[in-house]
Amino acid sequence: LVKIYDALGWTPKGSVAVKISTGEPPASNYLRPELIGDLAKKVDGTIVECNTAYGGSRSSSAMHRQVAEDHGYTAIADFDLMDEEGEVEWPMSGGTRIDKVIVGSHAENYSDWVILSHFKGHAMAGFGGAIKNVGIGISSPSGKVYVHTAGTKTSGSIWYDDQDAWLEALAEMVSGFSSHVGKEHIIYINVMNRLSVDCDCDGNPSEPDMHDIGILASTDPLAIDQAAIDLVYAMPDSGSLIERIESRNGVHTIEAAVALGLGSRDYELIKI
């Protein structure tokens, strides 16, 4: 993980946020602290998260902090629940679903971001990678509802009946975040292990039925998620994950992000 970070040649200019998913108990496939600890220390980063909008063990700050401790994150770095003291709105332009991004207020305390994602399937988005880790992960609970419901509300259920609309809102949130922070201040790392069809927001995910693939890093969130999907498709044992992605029209998120000018689906895969 440190070697692939070094290969990017990126140097943060100020305070660094390392955005992960803390993982829903009791048995999710969150990135283990033994894996990410050296990287968090190398960038002198603070591990950051936001509370969930769907209940569970991470819907309140007190419970979420306990999960972070139980999962070993507080032992390797400072831990910050960005929405613990409220939220802020940043502008989003050029989209059709949302006109702002609603993030935890502590997001304003960081100048540079390492988006450290566990790539896997997802029950609603089809897959979860860099785009999902930003679009939902950095949103405050009301911001999560706002994205999930394609900009129609900020409270209540996250379930929405227009699948493509919410995936477009997801892409728009990442575009708004990237524009506000500045592309040069963000890098993305996808860890392709424990490739379940279920997200780390699922406390009892399906057991992976395919082999681990590796680790990807990029300065482009679209290139890294597209590369991850392409690698999944190239694997002989990825049928269930491909079905999950296709059944949710997951790639539409990347298509929508391309239309926003967020990045490119084209990439060169450099092996190190």
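1. Let's start with a word you'll need throughout: a residue counts as buried when its relative accessible area is under 20%, and as exposed when that area is over 50%, with partly exposed in between. E49 is a good case to try it on: its relative accessibility is 3%, so E49 counts as buried. Keep in mind as you read that this is a predicted model.

2. Now see what E49 is doing in there. Its side chain meets that of R58 in a salt bridge, at 3.3 Å from N to O. R58 is buried too, with a relative accessible area of 3%. R58 also forms a salt bridge with E24, and here the closest N and O atoms are 2.9 Å apart. E24 sits in the loop between β1 and α2, while R58 sits in the loop between β2 (46-49) and α3 (61-70), so this pair ties together parts that are 34 residues apart in sequence. E24 is another buried residue, at 6% relative accessible area. Put K19 into the picture and you have a network of salt bridges linking K19, E24, E49 and R58.

3. While you're in that loop, have a look at the backbone. The peptide bond from P25 to P26 is cis, with omega near 5°. P26 is placed in the loop between β1 (16-19) and α2 (33-42). Why point this out? Most peptide bonds are trans.

4. Two other backbone spots deserve a look. Most residues other than glycine have a negative phi. A150 has a positive one, near 55°, and R194 does as well, with phi near 45°. A150 lies in the loop between α5 (141-148) and α6 (163-181), and R194 in the loop between β9 (186-192) and β10 (214-218). As for their surroundings, A150 is buried, with a relative accessible area of 8%, whereas R194 is partly exposed at 34%.

5. Next, the salt bridges elsewhere. How many does a search of the whole structure find? There are nine salt bridges. One of them joins E168 and R97, whose closest N and O atoms are 2.8 Å apart. This pair links distant parts of the chain: E168 is in helix α6 and R97 is in the loop between β4 (87-91) and β5 (100-104), 71 residues apart. E168 is buried, with a relative accessible area of 16%, but R97 counts as partly exposed at 31%.

6. Turn to strand β9 now. Seven of its seven residues are buried, so β9 is largely enclosed by the rest of the structure. Its side chains go two ways: I186, Y188, N190 and M192 point one way, I187, I189 and V191 point the other way, and all are buried. β9 runs parallel to β6 (residues 112-118), joined by six bridges, and L116 has I189 as its bridge partner in β9. β9 also pairs with β10, this time in the antiparallel sense, over five bridges. There, V191 has I215 of β10 as its bridge partner.

7. One residue of β9 is worth a closer read: N190. Is N190 buried or exposed? With a relative accessible area of 0%, N190 is buried. What does its side chain reach? One partner is the backbone nitrogen of A130, at 3.5 Å, and a polar contact of 2.9 Å joins the N190 side chain to that of D225. Among the other residues that N190 touches are S117, F119, G214, I215 and A228.

8. Last, the nonpolar interior. In soluble globular proteins, nonpolar side chains tend to be buried together. Here the largest nonpolar core has 58 residues, and those with the most contacts inside it are W113, I138, M173 and F177. Helix α6 gives the most to this core, with 10 residues. If you'd like to trace one member, try M173: leaving out residues up to four places away in sequence, M173 touches I98, V101, V103, V134, G135, I138, S139 and V147. There is also a second, separate core of 24 residues, which includes W10, V18, V43 and A77.

Definitions and conventions: Residues numbered from 1 in each chain as written. Predicted model: local features only at pLDDT ≥ 70, side-chain atom pairs only at ≥ 80, totals over all residues. Heavy atoms only, no water. Helix = DSSP H or I, 4+ residues; strand = E, 2+ residues; numbered from the N terminus. Buried < 20%, exposed > 50% of the residue type's maximum accessible area, 1.4 Å probe, protein only. Pairing = 2+ DSSP bridges. Core = buried A, V, L, I, M, F, W, Y, C linked by side-chain atoms within 4.5 Å. Contact = heavy atoms within 4.5 Å. Salt bridge = Lys/Arg side-chain N within 4 Å of Asp/Glu carboxyl O. Polar contact = N/O pair within 3.5 Å; in protein donor to acceptor, adjacent residues only side chain to side chain.
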